[in-house]
Every structure is written in structure tokens, then in C-alpha cells.
Amino acid sequence: MHFETLAIHAGRQVDLATGAIAPPLYLSTTFQQDPDRGYEYTRMDNPNRAMLERCLAALEGGEAAIAFSSGSAATTSVLQALAPGDHVIAPNDAYTGTTAILRSLLQPWGLQVSFVDLTDLDAVQEAVQPNTRLIWVETPSNPMLKVTDIAAVAAIAHNAEALCVCDNTWATPLLQRSFDFGADIVVHSTTKYLGGHSDLLGGAVIAKTESAMAQRIRQIQATGGAVPAPFDCWLLLRGIQSLPYRMRGHCDNARKLATWLSQHPQVSTVHYPGLTDHSGHAIAQKQMTDFGGMLSVQIRAGKAQAIALLPHLKLFHRATSLGGVESLIEHRATTEGPDTTTPDDLLRISVGLEHVDDLMADLAQGFERVVNDE
């Protein structure tokens, strides 16, 4: 089936008891024990979560999906499935939460980590060690929108008998089919585009095959208990139904906004893989069907003007997160804290579904007010 059809039908069925088309919400934490039903306790499984996991597996084209209470919980579960002394290669430009999980939680536990530029394949190859078990890919990256060649990195991983894991949050399965390029596991913060309305928290791990690694992650899900609530699963299933059409709007708006900003005198650099002068444009064309709804800009006059712009904006909310219908903007280095490597003149933008002309007008009046205030 086409993606639009899967988004509406995958994992769902008409309720057998009532004939309801929309799935019921199963709030019970415990179930009468019956081997024919298969449910016992919601930490172990729940009908809403089971529907969601079937849907996610179908969307990504994998055999197994494991849902979590957040994207960070999903990321942690994959890395916890490794053993102390194992080695991971991770990107040096990635979501700050992923870096914190590796540095603060798992390196003290015994995981060995090398942070490299994953767009530099020679550097990736040089980082491989005899105990390398996993290479973590995030493409496009957060917040610099670097584009990693998934197929090339997957080949390096498989030659080392390691796994290739791809954080596909920014691209979504609609824009980037990571399994088609050799990834073994895909991770999502379902809080973002899959949910799409800034009203739920969730994460997911999808495995290409029902492997021992997938079974270990599922064990961590059940034993650790970082599972999504039934209502969050229900909301997420509802959000996924409109994902294909929302993503087209996000991509169209982001492409137009990036082009406009690239010509603005107060902007020095626009990071967006849909621009032909972006360093990863050719790879993005190869492995993505469109270029996403995220972009970052560097302000020509520096940090002070970048921060000064924010309170003058009327449509862009100053907020962390992304993937909702509303446009968000933030000074990313401030959000990431003192250890950030993000340029201090950079603003990260999640382009929403407002009319793009209104978004451009809002930024234009914001830039004008900053200049007038100087």
C-alpha cells in the first residue's frame, strides 16, 4: 500500500465489540488473565500500544516496533541493549539529549564512545575499533542539518559486524526510508512530526528484523517500564493519519522560507539541505524524497542580534521542540547550555503550517525592528 493508505489503516481494526471505526481508549492498567486475549498488565502490553507498534512497523517497513514514553527513552533503550566495554561511534553534531545520554549516563556505565563527523567517511572508518558494536546516524542533524550518507555508513558498520542505527525523527518515514539504505534500527521521537500537534510525548524503536537486538530492546521496554500511556498512543495514532499531508506542507513552507532567508541581508548562512549550495544536497536528493521542515540560520551581526530578534516575532513561538503545526524558533546554543558546540549566532527554526507569506512577513518586520532598535 502507499504511505498515505498505511498512515490511515496500518495497525488499526474496527472494534469487534462495538463496530467503532476510531479505536477505543483502553485505560485499564490490568487485564483479566486469558491466553486468548494476550494482555495482562499495561507495562507489559496494552491494546492501544499494540496498535501503535503495528502501525509504526508498517510505516518504516520493519518487522518489529517498540514504543516508549519519550524519544530519549527510546534512544537509551537501544544503547542499554549493548554491554559495558562495547564501542559506539556517534555524530559530533546531534540532538543534545542523545549526546547527554552517551556522556552522562552510559560512558560512566562502561560504554565507550567516539564522537566524529559522520559526513566524513574516512573519519568514520578510522574510528572503528575491534569492539565497535554500533554506529549512530542522525540525518539531517540537529541543529546544523548535516546530511549523512546512510548507505555508506551502514556499509562501514556491517563490515565491522556492527549495527547501523538511524535517528529518523527529522525526516520521518515519509521522506527517508532508512532501511532501504542499510540501517538496521530506526529511532524516532514521536513527540515531533509523527504526533504533529505538540500535545504528546513519545518515542519508538523500529527494527528491520525481529532480531536478538530487537528482543533485547523489548525486554528493556517491559522491565524498565518507560512505556507510553494509552492516551498518548491513541493521540499518536490519530496524528499519524495526517502525517503525509502535514509533511508536504512543512517541506513546502521550509523550502520557500529557506530560499527567502538565503537572500536576506541580515542572514549570513542558511542550513537547509533543499538549497542547492548545501554541502549535503546531493546525498539528500539520493536518500530523501523531500528536505523536511527544519532549518537553521546564522545571523550576520552575531549573537546579540540573533537573540534580539526573538521577542519581536509574533507568529514564531520561542520554544524548544519541533514538528508541530505552529512555527517555533530558538537560540539553540542557549538551549544546549555551556558545553554547546553550536554557533552562537544560530537560530533553529521549525517551520509550521501557517501561510508562508505570513511567516516571511513576520521575520521581515522582526529584522526591521531589530535594526531600528540599534
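1. G225 has a positive phi of about 80 degrees and sits just after α8. The model is predicted, and that applies to every point below.

2. Helix α8 covers residues 212–224, 13 residues in total. From first C-alpha to last, α8 reaches 18 Å, close to the 18 Å expected at 1.5 Å a residue. The buried positions in α8 include M213, A214 and I217; I220, Q221 and A222 are buried as well.

3. On the cysteines, the count of disulfides is 0. A disulfide requires two cysteine sulfur atoms within 2.5 Å. For C55, the closest cysteine sulfur belongs to C233 and lies 11 Å away, so the pair is too far apart for a bond. The relative accessibility of C55 is 0%, and C55 therefore counts as buried.

4. C166 gives a similar reading on bonding: its closest cysteine sulfur, in C164, is 6.6 Å away, which is too far for a bond. C166 is also buried, with a relative accessible area of 0%.

5. C166 reappears among the contacts of S178. S178 is found in the loop that runs between α7 (172–175) and β6 (185–188). Because its relative accessibility is 0%, S178 counts as buried although it is a loop residue. Leaving aside residues up to four places away in sequence, S178 touches I150, C166, N168, A183 and V186. Of these partners, V186 falls in the range given for β6.

Methods:
Residues numbered from 1 in each chain as written. Predicted model: local features only at pLDDT ≥ 70, side-chain atom pairs only at ≥ 80, totals over all residues. Heavy atoms only, no water. Buried < 20%, exposed > 50% of the residue type's maximum accessible area, 1.4 Å probe, protein only. Helix = DSSP H or I, 4+ residues; strand = E, 2+ residues; numbered from the N terminus. Expected span 1.5 Å × (residues − 1). Contact = heavy atoms within 4.5 Å.
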